[in-house]
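Morning, everyone. I have one structure to go through today, and I will keep to what can be read from the model.

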Amino acid sequence: QVQLVESGGGLVQAGGSLRLSCVVSGRTFKFNGFGWYRQAPGNQREWVAAVSSDGNTNYADSVKGRFIVSRDNAKNTVYLQMNSLKPEDTAVYYCNLGTWSMNQFFRGDRWGQGTQVTVSS
């Protein structure tokens with residue numbers, strides 16, 4: 001059974017950086033697309049970024065130019081490098097196993113447990 005485990009969250013000042021990791025178990029890692037989502041208290045979960053099996057990427061407008069999503073197939077790991085962090089980036093960040101088609105990411109049913117990111121002003 002596929003499992004996703006996020007790590008790397010923490011407390012950082014505005015303008016700082018964090019790198020999140022999502023380690024994925026299972027043999028099909030290299031064939032799948034992965035997405036990062038976030039959920040702030042009282043808000044719905046929102047899509048942040050995604051990476052396809054061959055490294056194509058997409059970003060939400062709110063993080064474009066600040067966040068970078070990548071993957072290491074040898075390590076079964078997806079990363080989210082977050083730079084120039086803002087207080088409004090504060091949320092629990094989740095990794096999702098999905099599919100990629102027509103240059104779009106489609107969310108799947110597999111989620112990690114999430115990692116908390118808090119950005120202080």
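Before the residues, one cut-off: a residue is called buried when its relative accessible area is under 20%, and exposed when that area is over 50%. Please also keep in mind that this is a predicted model.

I will use that cut-off straight away on Asp 89. Is Asp 89 buried or exposed? Its relative accessible area is 1%, so Asp 89 is buried. This aspartate sits in the loop between β8, residues 77–82, and β9. What does Asp 89 touch, once neighbours within four places in sequence are left aside? The contacts are Arg 38, Arg 66, Phe 67, Ser 84, Val 117 and Val 119. Two arginines are included there, Arg 38 and Arg 66.

Now the overall fold. The protein has eleven strands and zero helices, so the radius of gyration is worth a look next: at 13 Å it is close to the 14 Å that the globule rule gives for 121 residues, and the protein is therefore as compact as a globular protein of that length. Along the principal axes, the C-alpha trace spans about 40 × 30 × 25 Å. Of the 121 residues, 42% are buried.

How far along the chain do the contacts reach? Taking contacts between residues at least 6 apart in sequence, 56% join residues at least 24 apart.

On the surface, the protein exposes about 6500 Å², and carbon and sulfur atoms supply 46% of that. For charge, there are 12 positive and 8 negative, and their mean positions are 5 Å apart.

Next, the cysteines. How many disulfides are there? The count comes to one. The partners are Cys 22 and Cys 95, with their sulfur atoms 2.3 Å apart. This disulfide links distant parts of the chain: Cys 22 is in strand β3, residues 18–24, while Cys 95 is in strand β9, residues 91–101, and the two are 73 residues apart. The angle about the S-S bond is -85°, and the link is left-handed. Cys 22 has a relative accessible area of 0%, so it is buried. Cys 95 also comes out at 0% and is therefore buried.

Staying in strand β9, there are two more residues to look at. Tyr 93 is found in that strand. Because its relative accessibility is 0%, Tyr 93 counts as buried. Which residues does Tyr 93 touch, not counting those up to four places away in sequence? The list is Glu 6, Leu 20, Trp 36, Tyr 37, Arg 38, Val 48, Phe 67, Leu 80, Met 82, Gly 114, Thr 115 and Val 117. For Gly 114, the C-alpha to C-alpha distance from Tyr 93 is 5.2 Å, with their positions 21 residues apart in sequence.

The other is Val 92, which lies in strand β9 as well. Its relative accessibility is 19%, so Val 92 counts as buried, given that the cut-off is under 20%. Beyond residues up to four places away, Val 92 touches Tyr 37, Arg 38, Gln 39, Gly 114, Thr 115 and Gln 116. Leu 4 is 88 residues from Val 92 in sequence, and their C-alpha atoms are 15 Å apart.

One residue to take away is Arg 38. It appears among the contacts of Asp 89, of Val 92 and of Tyr 93. That is everything I have.

Methods
Residues are numbered from 1 along each chain as its sequence is written. This is a predicted model: local features need pLDDT of at least 70, side-chain atom pairs count only at pLDDT 80 or more; totals for chains, interfaces and linings use all residues. Side-chain values use heavy atoms; hydrogens and water are left out. Helices (H or I, at least four residues) and strands (E, at least two) are DSSP runs, numbered from the N terminus. The radius of gyration is taken over C-alpha atoms; the globule rule is 2.2 Å times the number of residues to the power 0.38. Buried means under 20% relative accessible area, exposed over 50%, partly exposed in between (1.4 Å probe, protein chains only). Contact means heavy atoms within 4.5 Å. Accessible areas come from the Shrake-Rupley method with a 1.4 Å probe; for residues, only the protein chains shown count as cover. Lys and Arg count as positive and Asp and Glu as negative; His and the chain ends are not counted. The place of a charge is taken as NZ of Lys, CZ of Arg, CG of Asp or CD of Glu. A disulfide is a pair of cysteine sulfur atoms within 2.5 Å.
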